[in-house]
Each structure stands twice: as C-alpha cells, then as structure tokens.
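Dear colleague,

Here is the structure I promised to hand over, with its sequence. Below it you will find what I found when going through it, arranged so that you can follow along at the screen.

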Amino acid sequence: MKNFIVYLSTGQIVRAGSCQAETFELQKGDGEYLLEGVYTGNQYIVNGQIVGMPPKPQGEYVFNYDLRTWVFNAFSATQQAYARRTQLLND
C-alpha cells in the first residue's frame, strides 16, 4: 500500500488516502498533482513538500494558498452579521 496526496498547483490538498502501488498514478486527475505521503490535516504543498498551515485566527478567515496565510473573509462575515441581525429582529 502507498499513501497518496492529491493537490492543485496552488498547493491546496484536494484528497488523500492509500492505494495499491500499481494504482498510485491513477489517483490524480487532470490538472492535479500527486505526492506520496500522509495527510494529517491543516497542511498544504510547497515545492513538492508537505507544509503545516499557521494557526487559524478566530473569526471568518480562509486560507489563501498564493499568499500562504489566512485572510479575512468579508463576504462570509457580512452574511453572518445579516443572519444574526435578522434573528435578533425576529426575536
């Protein structure tokens, strides 16, 4: 058995698992890259190496793979604020 990680050119890991050695190369699709390794969560790929993400800040943040850091997600935060506002008005 081989452990695999499938990722995009940005470094974002899209899936991981294990397979028979003879099916290893079949795990990736068009536009995807394949790496032998174990995915343990909160990781991404840089230059073919598994890298841990920095800790996620509190609140509405998404990981930006180009900048390699967490960035504030204003859209999601706004949606949550409107939902909370609506709930308070209804109460």
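Two residues are said to be in contact when heavy atoms of theirs lie within 4.5 Å of each other. In that sense Glu32, once its neighbours within four places in sequence are left aside, is in contact with Val6, Tyr7, Leu8, Val14, Arg15 and Gln27. Please keep in mind throughout that this is a predicted model.

To begin with the overall picture, the protein has one helix and seven strands, and from the N terminus on the elements follow the order β-β-β-β-β-β-β-α. The radius of gyration is 18 Å, well over the 12 Å that the globule rule gives for 91 residues, so the protein is more spread out than a compact globule. Along its principal axes the C-alpha trace spans about 60 × 25 × 25 Å. Of the 91 residues, 23% count as buried, and among the contacts with a separation of 6 or more, 31% come from residues 24 or more positions apart.

Glu32 deserves a second look, since it also takes part in a salt bridge with Arg15, in which the closest N and O atoms are 2.6 Å apart. This pair links distant parts of the chain, with Arg15 in strand 2 (residues 13-19) and Glu32 in the loop between strand 2 and strand 3, 17 residues apart. Glu32 counts as buried because its relative accessibility is 16%, under the 20% at which the cut-off for buried is set, whereas Arg15, at 35% relative accessibility, counts as partly exposed.

How many salt bridges does a search of the whole structure find? The search finds two, and beside the pair just described there is one between Glu36 and Lys2, where the closest N and O atoms are 3.8 Å apart. Glu36 lies in strand 3 (residues 33-36) and Lys2 in strand 1 (residues 2-7), so this pair ties together parts that are 34 residues apart in sequence. Lys2 has a relative accessibility of 25% and therefore counts as partly exposed.

Further along the chain, Gln43 is found in strand 4 (residues 43-46). Is this polar residue buried or exposed? With a relative accessibility of 14%, Gln43 counts as buried, because the cut-off for that class is under 20%. Not counting residues up to four places away in sequence, Gln43 touches Ile13, Val38, Ile50, Val51, Gly52 and Met53. One of these, Met53, is ten residues from Gln43 in sequence, yet the two are 5.3 Å apart in space, C-alpha to C-alpha. The side chain of Gln43 also has a polar atom that lies 2.9 Å from the backbone nitrogen of Thr40.

Met53 appears again in the largest nonpolar core, which consists of six residues in all, namely Tyr44, Val46, Met53, Phe63, Tyr65 and Trp70. Another member of that core, Val46, is in contact with Val51 and Arg68 when its neighbours within four places in sequence are left aside.

Arg68 leads on to the hairpin of strand 6 and strand 7, which has four residues between the strands and in which Arg68 takes a positive phi near 60 degrees. Strand 6 (residues 61-64) and strand 7 (residues 69-72) pair in the antiparallel sense over four bridges, and within this pairing Val62 stands opposite Val71 in strand 7.

With best regards

Terms used:
Residues are numbered from 1 along each chain as its sequence is written. This is a predicted model: local features need pLDDT of at least 70, side-chain atom pairs count only at pLDDT 80 or more; totals for chains, interfaces and linings use all residues. Side-chain values use heavy atoms; hydrogens and water are left out. Helices (H or I, at least four residues) and strands (E, at least two) are DSSP runs, numbered from the N terminus. Buried means under 20% relative accessible area, exposed over 50%, partly exposed in between (1.4 Å probe, protein chains only). A polar contact is a pair of N or O atoms within 3.5 Å; within protein, one must be able to donate a hydrogen and the other to accept it, and residues adjacent in sequence count only if both atoms are side-chain atoms. A salt bridge is a side-chain nitrogen of Lys or Arg within 4 Å of a carboxyl oxygen of Asp or Glu. Two strands pair if DSSP finds at least two bridges between them. A nonpolar core is a set of buried Ala, Val, Leu, Ile, Met, Phe, Trp, Tyr and Cys residues joined through side-chain atoms within 4.5 Å. The radius of gyration is taken over C-alpha atoms; the globule rule is 2.2 Å times the number of residues to the power 0.38.
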